[in-house]
Amino acid sequence: ASRSGGPWLLGLLARLLLWGSPGAWASYLRRSSSCTPIPLRMALCYDIGYSEMRIPNLLEHETMPEVIQQSSSWLPLLARECHPDARIFLCSLFAPICLDRLIYPCRSLCEAVKRSCAPVMACYGYPWPEILNCNKFPADHELCIAAVSMDENSSSRRMPRASCKDCELEEASTAREILENLCANDFAVKIRILRKNMTTTISDFDLDPSRVEVLKHGPLLRTEIPARLQQWLDIDATCVHNIMRGTHAGVFVVSGEVQSDKVVVNKAYAWQKKNRNLHQAVRRWKHHRCPEQAG
């Protein structure tokens, strides 16, 4: 589970101290709801940075079994790493912090998470639910939970976008099959990927510019390929995460398509000694003629 709750929680508490004593709504909240420990079974919000939540919560779930059941349905979305603040946003609603005031997420936090996560949900046929309509939440100048990622000089960082398709490492079955794949795609490169961190909600990956071998550039200029691939590393975090499989660095042969302003990787092979078929295919590629090029 993410352990990024501490800093934003301290910031929230500091802001609360500036707001003075709670008003009538807080008194009503104290009478109508109760504080209870966040249970270990609530995987979405357990260890989020505070230990107690209010129930009923801000989504009107009245019992803990209901909270656990409803919150667990969001775990697959978090696994897609669609936005670094998605967990904070969801937990502010499913497990509201137990304070005198009722603290909602800021509208801008909702909008930021929606921009990155709604396309991922759409890939699987789920619309952004009306219960999370961002217009329901307070503007930033009011007391609310703001985005955390903006505090880390990441306002210009491009959030992951949905490709609507998972990519995994392929088994290098035969050299012929790999060559057919290289022919079928717009580009193919041998690259080295480095993981910059292992702690944040979304992993950062870097392309090693000294280890880029262009096998096929297709409609791309050779000089623009490194930048395009770095963009892919930045915006398709789930795909890269699947390829890296928890390693810190690795060499891969990747191929894919050029789609307007981005590249989409369709196939990835790990460059390892045991992948003899892959080594053979790359050696043969220099002299290989694809079917449409023959004759």
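I'm counting a residue as buried when its relative accessible area is under 20%. This is a predicted model, so I'm reading everything below as computed.

**Helix α7.** I started with α7, residues 175-184, and looked for its buried positions. They are Ala-175, Ile-178, Leu-179, Asn-181, Leu-182 and Cys-183. Next I checked what lies over them: the cover includes strands β3 (187-195), β5, β6 (249-259) and β7 (262-270), plus helix α10 (276-285).

**Lys-216.** β5 spans residues 213-216, and I stopped at Lys-216 in that strand. Is Lys-216 buried or exposed? I get a relative accessible area of 17%, and the cut-off is under 20%, so this lysine is buried. I then looked for what its side chain reaches, and found the backbone oxygen of Asn-185 at 2.5 Å. Leaving out residues up to four places away in sequence, I list Leu-182, Cys-183, Asn-185, Asp-186, Phe-187, Ala-188 and Trp-285 as touching Lys-216. Two of these, Leu-182 and Cys-183, were already on my list of buried α7 residues.

**Cores.** I pulled up the largest nonpolar core, which has 43 residues. Met-42, Phe-89 and Trp-128 have the most contacts inside it. The elements that each give it two or more residues are β2 (52-55), α3 (64-72), α5 (86-94) and α6 (107-123). I also noted a second, separate core of 24 residues, with Ile-191, Ile-193, Val-214 and Trp-232 among its members.

**Phe-89.** Back in the largest core, I listed the contacts of Phe-89 beyond four places in sequence. They are Pro-105, Leu-109, Cys-110, Val-113, Trp-128, Leu-132 and Phe-137. Trp-128 turns up here too, having been noted for its contacts inside the core.

Notes
Residues are numbered from 1 along each chain as its sequence is written. This is a predicted model: local features need pLDDT of at least 70, side-chain atom pairs count only at pLDDT 80 or more; totals for chains, interfaces and linings use all residues. Side-chain values use heavy atoms; hydrogens and water are left out. A nonpolar core is a set of buried Ala, Val, Leu, Ile, Met, Phe, Trp, Tyr and Cys residues joined through side-chain atoms within 4.5 Å. Buried means under 20% relative accessible area, exposed over 50%, partly exposed in between (1.4 Å probe, protein chains only). Helices (H or I, at least four residues) and strands (E, at least two) are DSSP runs, numbered from the N terminus. Contact means heavy atoms within 4.5 Å. A polar contact is a pair of N or O atoms within 3.5 Å; within protein, one must be able to donate a hydrogen and the other to accept it, and residues adjacent in sequence count only if both atoms are side-chain atoms.
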